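Here is a short tour to read alongside the sequence and the coordinates. Keep both open as you go.

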Amino acid sequence: METPRMPIPHSWYALVFSDELKPGAVLGRQLAGREIIIYRTKSGVVSAVEAFCPHLGAHLAYGGTVVDEDIRCPFHGFQFGLDGDCTATGYGTKPPKKARLTLIPTRELHGIIFAYHHPQQAAPVWEPPVYDDEGWSPLLHTTLELRDHPQETVENAVDIGHFALVHHYRDVQLRQPIVTEGPVLKIAYSARRATPVLSRFIDHQMMFEMDLLAHGMGYSLVRVNVPAFGIQARLFVLATPTSGDRLNLSLALNLRTGDAFLRGFPLRSLLPHRLLQRLIAGVIFNGFVGDVHQDKPIWENKRYLAQPALADGDGPIGRFRIWSKQFYSESAQVVEPPPSSQERPIHELQPG
Ligand code: FES
Ligand SMILES: [Fe+2]
């Protein structure tokens with residue numbers, strides 16, 4: 001029996017990374033089955049619009065060009081401003097009032113460009129948060145295509161029960177139980193895992209402290225602290241529904257290091273700080289990309305069970321699902337779900 005597919009939730013979704021969209025660039029993307037383009041004007045303003053020209057329907061990703069602050073269609077040369085209005089026809093005649101591009105809300109934060117999707121094109125009622133960018137290294141990033149639904153990828157981060165078996169983490173501990181605040185969900189845990197390369201420099205498995213902040217269904221931030229190395233990392237997990245049941249799952253990571261960075265490790269004096277930072281960022285990033293490859297065959301072939309058979313040892317799946325409902329409401333309103341009385345916090349989980 002075919003499982004009914006969940007609709008695409010309304011949320012902010014990552015479209016491109018800032019370094020992929022230089023001034024004058026025009027890129028085509030799909031967002032929840034919609035063909036859109038994203039472009040950056042000559043002065044650096046980012047805009048996303050529906051891809052089809054309102055004149056006679058040309059797709060603006062195929063030959064559309066940025067002219068100063070406008071986007072120009074390749075078919076008859078109509079130009080459109082940042083407000084979507086037609087500013088000029090290719091004939092020098094009066095622009096028709098009806099010729100308007102449909103704008104899609106965008107935000108550029110932390111080197112990531114987000115667009116807001118709502119099935120009825122309602123305006124966003126919440127904003128992706130702005131975190132401090134001071135001292136953070138440039139983003140490393142990659143994007144994978146897979147068959148999945150955004151909710152499943154966010155649920156994966158609270159599905160603490162699979163961390164040992166699938167990802168080989170040990171001593172998984174809940175540091176802070178799940179908390180929801182409108183469109184934001186928070187949970188914190190710690191775990192140990194052997195990490196290639198870095199594990200040679202310490203005689204035990206490396207301990208990671210991870211704070212997950214999910215902002216809707218498309219933007220999760222995992223703040224990672226590696227006390228043994230004096231490193232803080234930010235891992236951005238960005239699930240963007242493209243069309244049908246396909247996702248672009250982007251992962252990005254940057255680092256911030258303080259005085260404690262590699263204190264006591266001979267490596268610290270052998271290599272320049274920036275190079276070391278880059279090397280370590282690469283190793284930690286590859287570890288998280290590896291996690292996604294471990295999840296991928298499960299995600300691509302699982303089915304969504306609305307009534308799962310949960311057990312002690314599972315993460316707070318029920319609480320997560322109550323929170324996630326707000327992103328399917330007819331209106332774009334975010335609602336604080338009532339606390340779940342059925343779910344007990346998990347204080348300690350079995351080592352793998
Ligand atoms: S279709 Fe775009 S200008 Fe004619
Ligand atoms: Fe996972």
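## Ground rules

Two strands count as paired if DSSP finds at least two bridges between them. Helices (H or I, at least four residues) and strands (E, at least two) are DSSP runs, numbered from the N terminus.

This is a predicted model, in which local features need pLDDT of at least 70 and side-chain atom pairs count only at pLDDT 80 or more, while totals for chains, interfaces and linings use all residues. Residues are numbered from 1 along each chain as its sequence is written, chains are lettered from A and ligands numbered from 1 in the order in which they are written, and side-chain values use heavy atoms, with hydrogens and water left out.

## An open four-stranded sheet

Strands β6 (residues 70-72) and β7 (residues 79-80) are antiparallel partners joined by two bridges, and Arg72 faces Gln79 of β7. They belong to an open antiparallel sheet of four strands, ordered β5-β6-β7-β8. β5 (65-67) and β8 (86-88) each have a single partner strand, so these edge strands leave one side without a neighbour in the sheet.

## Strand β4 and its partners

Now look at β4 (residues 46-50), where four of the five residues are buried, meaning under 20% relative accessible area (exposed is over 50%, partly exposed in between; 1.4 Å probe, protein chains only). β4 runs antiparallel to β3 (residues 34-40), with five bridges between them; Arg40 has Val46 as its bridge partner. Five residues lie between the strands of this hairpin, and Gly44 there adopts a positive phi near 105°.

β4 also pairs with β9 (residues 103-104), again antiparallel, through two bridges. Here Val49 is matched with Leu103.

## Helix α4 and the iron site

Helix α4 (residues 273-301) has 29 residues and spans 43 Å from first C-alpha to last, close to the expected 42 Å, which is 1.5 Å times one less than its number of residues. It bends by about 40° at Asp295, with Pro297 following within four residues; the bend is the angle between axes fitted to the seven residues ending there and the seven starting there.

Asp295 also helps hold the iron ion (ligand 2): the donors are Asn156 (OD1), His162 (NE2), His167 (NE2) and Asp295 (OD, twice), at 2.1 to 2.3 Å. The site links distant parts of the chain, since His162 sits in the loop between α1 (150-158) and α2 (163-167), 133 residues from Asp295 in α4. Both His162 and Asp295 are buried. Donors are N, O and S atoms within 2.8 Å of the metal (3.2 Å for Na, K and Ca); water is not among the atoms, so sites may look incomplete.
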